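Take a walk through this predicted model, strand by strand and then out to the ligand. Keep the sequence and the coordinates side by side as you read.

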Amino acid sequence: MTTFQELGLSNELMKAISRMGFEETTPIQAKTIPLSLQNKDVIGQAQTGTGKTAAFGIPLIEKVDVKKEAVQGLVVAPTRELAIQVSEELYKIGAVKRVRVLPIYGGQDIERQIRALKKHPHIIVGTPGRIIDHINRKTLRLEQVHTVVLDEADEMLNMGFIDDIEAILSNVPKQRQTLLFSATMPEPIRRIAERFMNDPQLVKVKAKEMTVPNIQQYYLEVQEKKKFDILTRLLDIQAPELAIVFGRTKRRVDELAEALNLRGYAAEGIHGDLSQAKRLSVLRKFKEGAIEILVATDVAARGLDISGVTHVYNFDIPQDPESYVHRIGRTGRAGKTGVAMTFVTPREIGQLHNIERTTKRKMERMKPPTLDEALEGQQRIAVEKLVNVVESENLSFYKRAAEELLEEHDSVSLVAACIKMLTKEPDTTPVRLTEEPPLPVKREKKRGNRAEGPFRERAKKRRVAR
Ligand SMILES: Nc1ncnc2c1ncn2[C@@H]1O[C@H](COP(=O)(O)OP(=O)(O)OP(=O)(O)O)[C@@H](O)[C@H]1O
Ligand SMILES: [Mg+2]
């Protein structure tokens with residue numbers, strides 16, 4: 001294990017890192033921070049939730065000259081929520097050194113961003129479209145940038161984003177450091193990446209599997225029509241603290257969120273057709289636990305770090321193995337455990353095997369639970385609640401009533417009644433979901449027609465902007 005001390009960081013950074021509660025480096029941090037500090041170009045690949053943000057953030061902040069009133073570092077991320085999150089983490093790393101970090105992303109008032117840009121931020125974290133927008137308006141100047149980071153690099157360099165990235169890089173000095181990070185880096189994309197880089201060092205944290213071992217991975221073979229009932233039974237049995245349910249399309253996400261609400265779950269959807277204010281408020285409520293289930297398209301698949309997410313459900317099987325890796329990586333982060341469940345219709349089994357081949361990890365088959373098992377699950381939760389109250393609360397106020405009841409009824413019947421009242425019976429309110437066609441067996445490398453990923457959203461935004 002390497003400590004941060006051994007990396008020779010400044011006192012200001014050491015102080016900030018210890019405030020963040022980091023004690024030791026993660027493997028990707030130990031391997032890439034020294035290279036970055038020597039100004040080497042780096043492609044860093046490590047599993048989800050293993051601290052890639054700080055791996056590029058720490059050396060980036062270390063190299064900022066706070067006296068200089070110019071943008072020195074540029075981080076590009078595929079979604080707005082991720083840009084905000086990364087900027088918050090960089091802000092924390094740079095808090096003692098007083099590094100100014102500004103997120104700029106679509107959907108936020110541009111005038112406000114222009115005003116913020118005038119205050120001379122040292123680091124910009126943004127989504128490609130909005131960065132280009134500011135370059136064109138000459139409200140963002142990148143001549144003094146010495147470091148460019150592409151977070152979720154493979155996503156940024158796929159077909160949808162590549163032109164934007166090229167446009168951005170043409171505004172940054174050639175003499176720069178370029179850092180690429182992601183949990184996935186398919187070979188063809190890595191080759192594209194090398195075009196933008198100068199003798200890049202490939203740092204791959206050695207792991208047998210592409211996914212983290214502390215995520216238990218299951219799949220359930222379910223017919224399309226039965227998926228929703230099975231999902232709610234699983235939710236009743238597994239009682240996740242926070243869960244993310246991924247659906248393939250925006251319509252799917254809307255319908256799923258509504259259906260879950262009909263059955264009494266606190267769920268809300270997030271996708272690219274919602275206003276930015278709504279996207280942020282849904283995410284905030286989820287982080288605070290005001291909603292327990294986030295229903296999402298792939299717009300929430302990459303990078304988001306939300307503690308307390310114990311379960312990920314792939315209601316629709318992901319379009320490609322990379323998407324699978326990122327989706328399930330929203331749980332089991334920073335050493336915590338997590339559970340991932342993937343629904344697969346009989347015709348999609350080939351896709352499942354394709355995912356397993358790429359991740360080098362088999363998912364365990366799980367039998368869809370029955371209604372009775374769901375009821376048992378709810379009963380178990382009720383019993384847990386009851387035991388918790390018996391063990392932790394002062395019940396003296398209620399004891400007299402209890403003693404009176406016990407004079408007329410036997411204790412087993414009374415406790416059984418309490419459990420019954422506390423048990424949420426599985427709700428079978430009928431819901432309507434539009435059926436999704438199964439994924440075609442053979443398909444183009446990247447996303448299908450109607451699915452939403454960050455880049456599709458970007459393409460759409462472009463059209464709107466024009
Ligand atoms: N050295 C460390 N010690 C303890 N916690 C850490 C350390 N480095 C990062 N973390 C925490 O681990 C969590 C995951 O980090 P991060 O979001 O950077 O992961 P990631 O590798 O970028 O994942 P993804 O591939 O999903 O984007 C964060 O909450 C972060 O604050
Ligand atoms: Mg990340």
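Strands β10 and β11 (residues 293-296) pair in the parallel sense, over 4 bridges. One pair of partners is easy to pick out: Ile270 has Ala296 of β11 as its bridge partner. These strands belong to an open sheet of 7 strands. Its order is β10-β11-β9-β12-β13-β8-β14, and the pairing is parallel. Two strands form the edges, β10 (267-270) and β14 (364-365). Each of these edge strands pairs on one side only.

Now move inward to β12. This strand spans residues 309-314. Is it mostly covered or mostly open? β12 is mostly covered, with 5 of its 6 residues buried. In the sheet order, β12 sits between β9 and β13. On the β9 side, the partner strand covers residues 242-246. β9 and β12 run parallel and are joined by 5 bridges. Here Leu242 stands opposite Val309 of β12. On the other side lies β13, made of residues 338-344. β12 and β13 also pair in the parallel sense, this time over 4 bridges. Tyr313 finds its bridge partner in β13, at Met341. How does the chain get from β12 to β13? It crosses through helix α13 (residues 321-328), and this β-α-β crossover is right-handed.

The UniProt record gives part of the chain a name. In an unreviewed entry, it places the feature "domain: Helicase C-terminal" at residues 214-374. That span is 38% helix and 22% strand. The C-alpha atoms at its two ends lie 25 Å apart.

Turn next to strand β4, residues 123-126. Its residues alternate in direction. Ile123 and Val125 point one way, Ile124 and Gly126 the other way. Which of them are buried? All of them are. β4 has parallel pairing with two strands named here. Strand β2 (residues 73-76) pairs with β4 over 4 bridges. Val76 stands opposite Gly126 in that pairing with β4. Strand β3 (residues 101-104) pairs with β4 in the parallel sense, over 4 bridges. Pro103 has Val125 of β4 as its bridge partner. β3 and β4 also belong to a right-handed β-α-β unit, together with helix α5.

Helix α5 covers residues 110-117 and holds Glu111. Why does Glu111 count as exposed? Glu111 counts as exposed because it has 9 C-beta neighbours inside 10 Å, and the cut-off for exposed is 12 or fewer. Compare the position of Glu111 with that of Glu224. The two are 113 residues apart in sequence, and their C-alpha atoms are 46 Å apart in space.

Ile33 offers a contrasting case. This residue is found in helix α2, residues 27-37. Ile33 is buried because 25 other C-beta atoms lie within 10 Å, where 20 or more are needed. Leu7 is 26 residues away from Ile33 in sequence. In space, the C-alpha atoms of Ile33 and Leu7 are 7.6 Å apart.

The start of the chain carries further record names. UniProt places "short sequence motif: Q motif" at residues 2-30, in an unreviewed entry. The record also lists residues 2-30 under "domain: DEAD-box RNA helicase Q", again from an unreviewed entry. In the model, residues 2-30 are 45% helix and 0% strand. The end C-alpha atoms of this span lie 6 Å apart.

Last comes ligand 1. Which residues come nearest to it? Of the 17 residues around ligand 1, Thr48, Gly51, Lys52, Thr53 and Ala334 come nearest. The largest share of the shell, 3 residues, comes from helix α3 (residues 52-63). By class, the shell has 4 nonpolar, 10 polar and 3 charged residues. Which domains supply the shell? Domain 1 (4-204) and domain 2 (215-369) each contribute at least three residues to the shell around ligand 1.

Note on methods:
Residues numbered from 1 in each chain as written. Chains lettered and ligands numbered in written order. Predicted model: local features only at pLDDT ≥ 70, side-chain atom pairs only at ≥ 80, totals over all residues. UniProt positions renumbered as here; feature names shortened; annotations may be inferred. Pairing = 2+ DSSP bridges. Right-handed = clockwise from strand over helix to strand, strands pointing away. Near = placed C-beta within 6 Å. Nonpolar A, V, L, I, M, F, W, Y, C, P; charged D, E, K, R; others polar. Domains from an automatic or database assignment.
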